[in-house]
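Work through the following exercises with the sequence and the predicted model side by side. Each one sets a task and then gives a solution in steps.

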Amino acid sequence: MAPQHRLRRRHAVAVAALLVTTLAGAGPAEGRAAPAAGHEFDQGVGVGKGRGTNLLVAGLDRRKGMTREEIQRLHVGGQECGCTDTLMLVHIAADGRRLSVVSLPRDSFVRFARHGHPAHSGKINGAYAHGGRDLAVRTVERATGLRIDHYMEADFRGFVAAVDDLGGAEVCSDTRLRDENSGLDLAAGTHDVDGANALRYVRARHLNPPGDLGRVRRQQKLLLGMLARLSDAKVFKDPMATARTARALMSHVRTDGHTDIRTLTSLAWKLRDLTPRQTEFATVPISNFDYRDPTWGSSLLWDDKRAKRMFGALGADRPLTSTRKSGGPVPVGMPPKETKVTVDDPRVADGLRESGFDVTEAPAPSSRPSGPTVVTYDPERARFAPSLAAALPGAKLRSVAGFGPVFRVAVGGDDRGVTQVTYDRSMVEGAPVTGDRLRCGHPSGKKG
């Protein structure tokens, strides 16, 4: 590939990264907003004493101007809350050699920044409803300790058109993805999705794993799929074409008033040598997935220590992947204590008990069969299978309809022992990961 062509391709990826991250937030609004009242944004690029630039991207739960037919076709019914449906914190390294995206789940329970009410906490998505983008920005700043340099917001209506304008996206999964609430229905495999299916994909919450963490990981994967499509199509062939495309897409988003086409072009130039391996994605770590508040209901509590490490890394302009700890028990997405197991080997049974599995010993066979350990289970319990499989390296999973609520472990002659595991959904579904590992074609990029 010629040097000039490589430069143009990298520039295309850089501009696309900024614009698509905005659109992946949930979808566009029309026009451009004035600066948020009461919040003075820093002007220019690279603010923050040389420690990179932070953008907050908000996707709004808003249906203003949509027809009934549009709402039904896109499966965005329900009561409008006037809140944020998605929040993404985007950090661009000062040297332009890294782009980091941290998703802040909508149900995160945080302390709101000061506004015209007594001090209180609530779900982070409610800050916008209480005080618009100004309060949303200041609440994120308070929760993360980071300065927000630029702000963009978008809503449902134009998302479909914007994705279609970008040429769609590539998404993939090892299993069928079906969610009646969002209207998503994709067979297992790799798919080219249009704007309507892209919206269904990023809004689905009733898949395995359920809830916010799986949902925001899919948003991150969609972003990567859109970037790959733009890069392959060589959308941006020269700086003028880049500016024209960016200008068209900016008509779909609302900004803080000084974040304009020149801002994006300048930031994109900083990222001109960016590669997928230099992009990284994470979700803020969670310690409690069902914190109950009398006013706000079921919420998510951040893991304070790990969240501080994550945002501290961004504040110091370090990679998110530097916050991952190596060694120790393997994180799994379901509590071992909720998995009932019968095991025909006392040593394996003791090993599983150490990780918290509910184990009953079964009679040992007269002779061990050759081959791997076999785990038999009912498909109704499929969501628990990966956690048990992680504890039994090399085990073969066998799904049998009507098998019942208890997993059966038949230890084979090729038994590899027991690996200690620990329940940690944050590190299973939202751990920091580089873009090259999330995208389609990589083994870790296909799961859900």
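**Exercise 1. Locate Asp317, state the sign of its phi, and then treat His75 in the same manner.**

Solution. Begin with the position of Asp317, which lies in the loop between α9 (304–315) and β15 (330–332). Next, read its backbone angle: phi of Asp317 is near 65°, a positive value in a residue that is not glycine. To judge such a value, recall that most residues other than glycine have a negative phi. Turning to His75, one finds this residue in the loop between α2 (68–74) and β2, and its phi, about 55°, is again positive although His75 is not a glycine. Finally, consider the surroundings of the side chain: His75 has a relative accessibility of 31%, and therefore counts as partly exposed, given that this class lies between the limits of 20% and 50%.

**Exercise 2. Establish the order of the strands in the seven-stranded open sheet, and describe how β2 and β3 are paired within it.**

Solution. The order across the open sheet is β11-β6-β1-β2-β3-β12-β22, with mixed pairing. Its edges are β11 (254–255) and β22 (433–434), each of which pairs on one side only.

Now follow the pairings from β1 onward. Strand β1 (residues 53–60) runs antiparallel to β2 and is joined to it by eight bridges, with Gly59 standing opposite Thr86 of β2. Five bridges then join β2 to β3 (residues 99–103), again in the antiparallel sense, and here Ile92 has Leu99 as its bridge partner. These two strands, β2 and β3, form a hairpin with six residues between them, and Gly96 in the turn has a positive phi of about 70°. On the other hand, β3 and β12 (residues 279–283) pair in the parallel sense over five bridges, where Ser100 stands opposite Glu280.

**Exercise 3. Decide whether β2 and α5 are largely enclosed or open to the outside, and set the result beside the burial of the chain.**

Solution. For strand β2 (residues 84–92), the count of buried residues is nine of nine, so the strand is largely enclosed by the rest of the structure. For helix α5 (residues 195–203), eight of the nine residues are buried, so this helix too is largely enclosed. Among the buried residues of α5 are Arg200 and Arg203, together with Leu199, Tyr201 and Val202. As background to both elements, buried residues make up 52% of the 448 residues in the protein chain, which holds 13 helices and 22 strands.

**Exercise 4. Find how many cavities of 30 Å³ or more the structure holds, and characterise the lining of the largest cavity.**

Solution. The structure holds one cavity of 30 Å³ or more, and the largest cavity has a volume of about 40 Å³. Its lining consists of Asp85, Thr86, Leu87, Leu104, Pro105, Arg106, Arg215, Val216 and Gln219. The elements giving two or more residues to that lining are β2 and α6 (211–233). Sorted by class, the lining has four nonpolar, two polar and three charged residues. Thr86 thus connects two of the exercises: this residue lines the largest cavity, and stands opposite Gly59 in the pairing of β1 with β2.

Notes
Residues numbered from 1 in each chain as written. Predicted model: local features only at pLDDT ≥ 70, side-chain atom pairs only at ≥ 80, totals over all residues. Heavy atoms only, no water. Buried < 20%, exposed > 50% of the residue type's maximum accessible area, 1.4 Å probe, protein only. Helix = DSSP H or I, 4+ residues; strand = E, 2+ residues; numbered from the N terminus. Pairing = 2+ DSSP bridges. 1 Å grid on protein atoms, 1.4 Å probe; cavity = no way out; pocket = protein on both sides within 12 Å on 5 of 7 lines; lining within 4 Å. Points joined across faces, edges and corners; volume = space filled by probe spheres on them. Nonpolar A, V, L, I, M, F, W, Y, C, P; charged D, E, K, R; others polar.
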